[in-house]
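Here is a short set of exercises for you to work through with the sequence and the structure side by side. Try each task before you read its solution.

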Amino acid sequence: MMRRRSGIWFISREAVDWVLDRLATRIGITSALMALVTLILLAGLSIRSSVDTVVANSSAYDQAHARLPLVTMSDVQRVQNIAYLAHVEGSMSEEREAEFRAALDMLYVRADFFGTAVVGSVSSPSADAALAGLQELLRIGDEATAAGFPDMDAMTFDLTVVGDDVRGNLAIWNDEVRRFHLRLIDGNVMAFMEQLVFTRIALAVAGVIGVLALLLLRAEVLNRQARQHAERRVEFLAYFDGLTELPNRAAFQERLSKCLESGSEFSLMLLDLDDFKGINDTYGHVAGDAILSFVARAIASTAADQDGFAARLGGDEFALILPSEEHFVLANTAENILDAVRAGLMLRGDFLSVSVSIGVAPRSLVDWVEGDPRDAIVRTADFALYFSKEKGRNRATLYDRGLEQRYRRRRDMQDELPVAIREGSLDIYFQPKVSLTDRAVTGFEALVRWHRKGGIVMPNEFIPLAEESGLIIELDLFILRRAAEIIAGWNKENGVALSVSVNLSALHLMSGKIVREVADALDATHLPPDLLTLEITESIELRDWARVQNTLLELRQLGCRISVEDFGAGFSSLAYLRAMNADELKIDQSLVSEIETSEEARFILDAVMDLAQNLAMSVVVEGIETEEQAAAIRQMGGSQAQGYLFGRPVPAEEALAATRPVELGETG
Amino acid sequence: MRLMTLVLLGGMAVFGGPAIANPMPTPVTLEPIQHADASLTLRSADGQEHRLDMSAIEALPTYRVETTTPWREEAAVFDGVLLSDLLGAYGLDETDSLLVTAENDYTTVFERIVWQSEPILVATRVNGRPISRRERGPILFVLEAGAYASSDVAREQHLVWMAARIEPSE
């Protein structure tokens, strides 16, 4: 409760809080108020007591008649003087007699008053003797006056003797009165000293109560301020992003709804940082946060200039609602933001280069979209943003009529793709894989085509849609089952052992379900497992390597072969290659296309093939289109290839029909 | 609020209550009588002196008070004029303080609040006759006993007997 610091004792904060907490209770505050009232009453009583003492002393002082002995002496002296003058003059003249009578009257009154006083609180032997002397003086004077002053000498003598005696007693009594007065003064001083002590105690107690009251008040005020701050913070966080202080997704949704309800023209701009994950990985999250704040400021500044509304939707996504649908306004605004962001920023001495991709959707262009209009404009702006990303990032795309057509088509395909998979309106195409030695077909890569509205939709158009919507799992399994069924049927019918390769999204490897699906497909078709190659597309980055490797191991245990597809493009790395523990490496055509003209390309391809050989992986080179390329690959030791030179993807039945039988055991 | 009221009432009980107005002497018409040879001298602020004999004093409005005094146990009827009227008649009522001197050279000081708040009677008669010197006359300052007891400002020193002179206190 108490701490000592630098030789001084301090009351700890906890102790103060403890006292204040108890003081704030009903019992505590009642006790404190009672203590205060008691203190006030006691202070009043103490003051009253002191005042009473002083008043009593003052009264006693009055009754003691400090000047009474002296004025009495004066009155005695007056009588004596007149008598003496008359004695000197030899007779009592009429005028002197009047003076003498008046002096006697005054002495009478004085003696009368003296009697009252002496009977009171100041009686003493000397006073009594003086009073008796006064009365004797009056008797002498009155008798002489009444007798017509028959013996002036005797009267003067008597008055002198008695008067001197009275004065002597008055002198003694005067000293007694003076001492009495001193005692009264001492009594007053004592009363004030007691009052001083009590006042100090009362002030100390009142001071403690006052300090506690002030502390309590301060604590209450601070609590109230903290509560208000917390409430404001909660309110802020409910509608604002804590990092960038921009409005958050909730606030954005609210504003977007209001804009849509108002019917006024506006456009929605969605912005996404380019390669934000890379920045985070390279520079750390502190830099990532700095960049988010930097971009937010750029967008907020533009919003302020354009009377727009900027928000952070989450992660590296931002939105800007602009009160215009004018093409040039939107283009200029987007360009301003791109320029501002491109300027980059310095962080701890490092220059950080930043860019954003932007998609813009004017409200009037999305009115046709069914469903929640709020969702519609976000999706269309997102579609435009997707195009910016696809076209190389660091640019803006305005959702226009052309894009609208593509968007409609894309949206329709998104709607129709599940039906197509479910109803089997997807066709399986085969592209042959051949032996470079004798050009014999050793197997096929199963591909898919979508017959839609009288045309064929290529995979590069609808596979991304399937990936976005999660349909890729269902699509891959459909191809797996159909391809296995076709090749198994053909092999059985023709007594051959052609293999088939099926593409699997790496997403499958994150779940163990694919193992069960592959086993079921093999069981259903009786296809020997070693004739099924699962080509893992490395277009996505895998994170949980332990799970991926476990799934791959189980697939290999089924007897299937694992192939790494498109090696040389995308997220290729030696670590990836090692972790996949594949049986086959399919080299991407991007490494092949230049081998006829580029020594460097040939060197790289040669090195990759050596690498695969050292890892005991068979190699299939994709994208062979010319005899020269085929010869070069063969010269490098390549044994299998795939490409337009040997056959384009065609319907599976057509591809199978074009093959010539090979003997069992030549493949695998 | 109730607590505050209790505190205020308690404080008033402890520190004392409000003053009670003192009763005024009764106006009275006096018949002329033979007074002893006495006078009261007033020196006004401009230094002018006014020597008033008993009849000059009684020319002012006269009042009667029946009371005891600190020296008279039995009540007596005192007639005279109000000190405030007397001072007002000679321009001394707004003076801050006055010095009053008696025939026996006794002196006392009156603050203005004394004659403004207390009906002090400058008595010239007791029980219808002149006041002898042995009765503290001929001119005696009297304050009704109840008023005297309850007064916060009147003291015994203000009950001047054998009054002879009134002048501004220097």
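**Exercise 1.** In which sense do strand β6 (residues 97-102) of chain B and strand β11 (residues 163-168) of chain B pair, and over how many bridges?

*Solution.* Keep in mind that you are looking at a predicted model. Begin with the general idea: strands of a sheet pair through backbone hydrogen bonds, either parallel or antiparallel. Now find β6 and β11 of chain B: the two pair in the antiparallel sense, over 5 bridges. To check this on one pair of residues, look across from B:Val100, and you will meet B:Ile166 in β11(B).

**Exercise 2.** Place these two strands in their sheet: what is the order of the strands in the open sheet of chain B?

*Solution.* Walk across the sheet, and you pass its 5 strands in the order β3-β2-β11-β6-β7, with mixed pairing. Next, look at the ends of that walk: β3 (49-53) and β7 (107-111) of chain B are the edge strands, since each pairs on one side only. Finally, follow the twist, which averages 20 degrees from one strand to the next.

**Exercise 3.** Which strands of chain B pair with strand β5 (residues 72-82), β4 and β8 being the ones to examine?

*Solution.* Take strand β4 (residues 62-69) of chain B to start with: β4 and β5 of chain B pair in the antiparallel sense over 7 bridges. The link between them is a hairpin of 2 residues. Within this pairing, B:Val65 has B:Phe78 as its bridge partner. Then turn to strand β8 (residues 121-126) of chain B, which pairs with β5(B) over 5 bridges, again in the antiparallel sense. Here B:Asp79 stands opposite B:Arg125.

**Exercise 4.** Which residues have the most contacts inside the largest nonpolar core?

*Solution.* A general tendency helps here: in soluble globular proteins, nonpolar side chains tend to be buried together. The largest nonpolar core has 73 residues, and A:Ala483, A:Ala484 and A:Ile487 have the most contacts inside it. Helix α14 (residues 472-494) of chain A gives this core its largest share, 11 residues. Zoom in on A:Ala484, and you will find that among the residues it touches are A:Val500, A:Leu522 and A:Leu532. A second, separate core has 70 residues, including A:Val76 and A:Ala111 as well as B:Phe78 and B:Val81.

**Exercise 5.** What percentage of the residues in chain A is buried, and what percentage in chain B?

*Solution.* For chain A, with 668 residues, the answer is 33%. For chain B, with 170 residues, it is 34%. As a last step, count the elements: chain A has 20 helices and 19 strands, while chain B has 5 helices and 11 strands.

Key: Residues are numbered from 1 along each chain as its sequence is written. Chains are lettered from A and ligands numbered from 1 in the order in which they are written. This is a predicted model: local features need pLDDT of at least 70, side-chain atom pairs count only at pLDDT 80 or more; totals for chains, interfaces and linings use all residues. A nonpolar core is a set of buried Ala, Val, Leu, Ile, Met, Phe, Trp, Tyr and Cys residues joined through C-beta atoms within 7 Å. A residue is buried if 20 or more other C-beta atoms lie within 10 Å of its own, exposed if 12 or fewer, and partly exposed in between; C-beta atoms are placed from the backbone. Helices (H or I, at least four residues) and strands (E, at least two) are DSSP runs, numbered from the N terminus. Two residues are in contact if their C-beta atoms, placed from the backbone, lie within 7 Å. Two strands pair if DSSP finds at least two bridges between them. Axes are lines fitted to C-alpha atoms, for helices over the stretch in contact, and angles run from 0 to 180 degrees between N-to-C directions. Lists of a residue's contacts leave out its neighbours within four places in sequence.
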